[in-house]
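Here are a few exercises to try with the structure open beside you. Have a go at each one before you read its solution.

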Amino acid sequence: MKKTAFITGITGQDGAYLAELLLKKGYHVVGGFRRLSTLNFSRLDELGIREKIKLVETDMLDASNLIRAVQEVKPDEIYNLAAQSFVAHSFKNPILTGNITGLGVTNLLEAIRIVNPGIRFYQASTSELYGAAAESPQNENTPFKPRSPYGVAKLYGHWITINYRESYDIFACAGILFNHESPLRGLEFVTRKITDSVAKIHYGKLKYFEIGNLDVKRDWGYAKEYVKGMWMMLQQEKPDNFVLATNENHSVREWIETCFNHIDRQILWEDKGENEIGRDVKTGEILVKVNPEYFRPAEIHDLLGDYSKAKRELDWEPHIKHRELSEIMLKADLEKQANPKRS
Ligand code: NAP
Ligand code: GDD
């Protein structure tokens, strides 16, 4: 019997890769999307899987709509990937973020409790929970101290997931995933902003790009490897929480330097703080400018994940790290710039 998986946030980066993986595993995949004036299935189209997925209109803000969807879809597994996921945006839209990213999780868990508590549930928790972390690297036992409305909303989503596991015996897992990127990453996130800009500079379509804090560090992995970990969590005997990370971190500055290196250009940094710029060593052209507009009201300076529990219990391990990841993403953006009609 084919298993049915219901993925919320199907139009996002992880939704697309998870759908691709589950289709390969023989699942019947149903994707939840919210109604917009313009449909945005571009990632599913890019992977060539849109026609293979049943799409169901669902909004995390509407519990009745989620109950109806769970009744209709009859899933064996639900992956809750839907969220207002952009941290910077959450400072400007804290209430909306709280409603979608926080309370939305309860809406979906209630649908499971009411319709069929036997459904297995994955919640997309995040390294943003750690915030100003008291220790490094961070593991499943590190205390949480979120630093953004997004992080606080995800903290609620994390604990309500554990609460429904303990209260109603629902098989509910929380994956505490560190940053994971890909050619399908949204353009507003820093890695993709860099690879897209460097590709445009390479083809003479952009002179320079603006950036925020250059010295923050994140533990960046490859999204395709992380969605596999999500699926692995739901195949265990018991529900639990797992960190997925690479156990390496790199700064935004290193990302910029590495991406320019890939196209044989070197950056020389001048000045400090808000006035810092990056020049091409050979030509002297300004390629990068700091713009404080991209600074956050509260920043997380350094995140580093310890994924040893996932390795031990799930046999999950990341293989693609900073250099290879930046190469994959830059190559894809160079191709998109060279063949704009295909992108
Ligand atoms: P993403 O690309 O921003 O995708 C978010 C998805 O949520 C989109 O499909 C979006 O739909 C949907 N969504 C937003 N508001 C909704 C609503 N009210 N009702 C229904 N759907 C809604 O994010 P991602 O990178 O794939 O991340 C997937 C999940 O993992 C998110 O929950 C994110 O917070 C979490 N996470 C991500 C990372 C990471 O590094 N990528 C790390 C840890 C945790 P639209 O297309 O209509 O906007
Ligand atoms: N977006 C962006 N744009 N970030 C910048 C910029 C810029 O121009 N300049 C510096 N940064 C810094 C941010 O301040 C942050 O410290 C870091 O780069 C990464 O920013 P994002 O790529 O926006 O990701 P994020 O770490 O805030 O959040 C992502 O990862 C989380 C997991 O830790 C998102 O995917 C979240 O949904 C996810 O939970």
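**Exercise 1.** Find what phi Lys 74 takes just after H3.

*Solution.* Go to the end of helix H3, which covers residues 63-73. In this predicted model, the residue just after H3, Lys 74, takes a positive phi of about 50°.

**Exercise 2.** Work out which residues of H3 are buried, and how they are arranged around its axis.

*Solution.* Start with the cut-off: buried means under 20% relative accessible area. In H3, that gives you Asn 65, Leu 66, Ala 69, Val 70 and Val 73. Now look down the axis of H3: these buried residues fall within an arc of 135°, so they line one face of the helix. That fits a handy rule: an α-helix has 3.6 residues a turn, so residues three or four places apart point the same way. Last step, the cover: the elements over the buried residues of H3 include strands E1, E2, E3 and E4, plus helix H5.

**Exercise 3.** Decide whether the two faces of strand E6 are covered or open.

*Solution.* Side chains in a regular strand alternate between the two faces of the sheet. So split E6 that way: Ala 172, Ala 174 and Ile 176 sit on one side, Cys 173, Gly 175 and Leu 177 on the other, and all are buried. Both faces are covered, then.

**Exercise 4.** Find the strands that pair with E6.

*Solution.* Take E5 to begin with: 6 bridges join E5 to E6, running parallel. Ala 124 has Gly 175 as its bridge partner in E6. Between these strands comes helix H6, and E5, H6 and E6 make a right-handed β-α-β unit. Next, E11 is joined to E6 by 4 bridges, also parallel. There, Leu 177 stands opposite Leu 244.

Technical notes:
Residues are numbered from 1 along each chain as its sequence is written. Chains are lettered from A and ligands numbered from 1 in the order in which they are written. This is a predicted model: local features need pLDDT of at least 70, side-chain atom pairs count only at pLDDT 80 or more; totals for chains, interfaces and linings use all residues. Side-chain values use heavy atoms; hydrogens and water are left out. Buried means under 20% relative accessible area, exposed over 50%, partly exposed in between (1.4 Å probe, protein chains only). Two strands pair if DSSP finds at least two bridges between them. A crossover is right-handed if, with the strands pointing away from the viewer, the path from the first strand over the helix to the second runs clockwise. The arc is that of the directions from the helix axis to the C-beta atoms. Contact means heavy atoms within 4.5 Å.
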